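Me: Please show me the sequence and the structure, and then let us go through the structure in questions.

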Amino acid sequence: MATNPLCLGSRIEKMKLKSLMIRYYPPGIMLEYETRGELKTKSIDLLDLSSSTDVNDLVGEIRRAEPLITASRSDLVRRLIQRLQEKLRQHSDHTFYLFKLLRAHILPLTNVALNKSGSRFITGSYDRTCKVWHSLSGTPLHTLRGHGNVVYAIAFNNPYGDKIATGSFDKTCKLWSVETGTCYHTFRGHTAEIMCLSFNPQSTLVATGGVDTTAKLWDIQSGEEVLTLTGHSAELVSLSFNTSGDRIVSGSLDYTVVIWDTLTGRKVYTLIGHCAEISSAVFNWDCSMVVTGSVDRTSMLWDATNGKCLAVLTGHSDGIMQSCFDCTGKLVATASADGTARIFSAVTRKCITKLEGHEGAILQISFNPQGNRVLTGSSDKTARIWDAQTGQCLQVLEGHKDEIFSCAFNYKGNMIVTGSRDHTCRIWR
């Protein structure tokens, strides 16, 4: 993934543009180019694009900032931007219906994850396995066996979606083939349970963190440990790479969050300000900010370029279970054990709306790719879909017999998967 040429100058020396590709979420144009015989990509991020943006002015701005976009490419760039604007005009107002009910494992589930397209999803369980599922048919494709304890953390290497990582209480992480179910590598080195993991967007590294207070970076090709990140004094519960992959943010039960350099393992910034355990920490798309959530009932916005706190997002009466950005980084959602969620503007740092209606703690929250809907999963056994601007509850997804701890949209925003302590997953379309 690449540097945003609207912000940083780019060098054209010996570079030849091969193709232009559209990216809908967040809006942008991908450039594939050749330099010194090597094929590379970079992105032109159009996070502020709207249906009213003057296309000709924007094309001119892009041409001035990106030398690879020459006069002969202007018409193609104009057409791509117009397609992005058409997509922005298409409001996501789906009504979701139960498509499949899957009794996934004999013991409780720990996590559920989708690949980018939504064609596959995976489930982790206390039964020491991870299962790969075909979303359309609801059939299990592979059962990934080999861990000696609970499979707790799972992920696809999105956007590619051809590999799976599983982190276990047996202190190991395994890398698997989605196509065959074969185990490529077993990563050994942690001295206690693995609680969180994350692929970098380039799919060259997987990061693991856990009870031993460290995070480790592993090379996907060789299976070797690249770096150990040391400095926390308690269990790690959250790991997330930035878009360019040169930074990773870790959240810990020691009340702190750390931004690390993934090339050197150096601590770049320690974000100190919360007065209780961290529950989540993620970058926004352009890597300029981090949002953190804590049991101290607040979320905090941080400047990722200098480590300074930009705002404390308040209003909840119980701990924050999760915080997240929408795909453009303009909105922040917070989910709380008080049974409510809130939407904040990342620009003004003001609360836009409150999401009220759940009868138990909200354990999971996410935006749809379009950014106009919010999905929540709760201990009240329901998931709900909300209007991100008005806070109106648009739909209640009912049927689970126990708390919903995991829920997510696919990339198009037309499918939802929910995972529950009732041992089942449900696919909604």
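The questions below deal with a core, a helix pair and a sheet.

Reply: This is a predicted model, in which local features need pLDDT of at least 70, side-chain atom pairs count only at pLDDT 80 or more, and totals for chains, interfaces and linings use all residues. Residues are numbered from 1 along each chain as its sequence is written, and side-chain values use heavy atoms, with hydrogens and water left out.

Me: Which elements give two or more residues to the largest nonpolar core?
Reply: A nonpolar core is a set of buried Ala, Val, Leu, Ile, Met, Phe, Trp, Tyr and Cys residues joined through side-chain atoms within 4.5 Å; buried means under 20% relative accessible area (1.4 Å probe, protein chains only). The largest has 19 residues, and Ile-29, Leu-46 and Ile-81 have the most contacts inside it. Helices (H or I, at least four residues) and strands (E, at least two) are DSSP runs, numbered from the N terminus. Two or more residues each come from β1 (15-23), β2 (28-35), α1 (55-65) and α2 (74-89).

Me: At what angle do α1 and α2 pack?
Reply: Axes are lines fitted to C-alpha atoms, for helices over the stretch in contact (heavy atoms within 4.5 Å), and angles run from 0 to 180 degrees between N-to-C directions. The axes of α1 and α2 are 10 Å apart, and the angle is about 125°.

Me: Which strands stand at the edges of the sheet β29-β30-β31-β32?
Reply: Two strands pair if DSSP finds at least two bridges between them. This open sheet of four strands has antiparallel pairing, with four bridges between β31 (residues 383-387) and β32. One side is left without a neighbour in the sheet, because each has a single partner strand, for β29 (362-367) and β32 (393-397).

Conventions: Buried means under 20% relative accessible area, exposed over 50%, partly exposed in between (1.4 Å probe, protein chains only).
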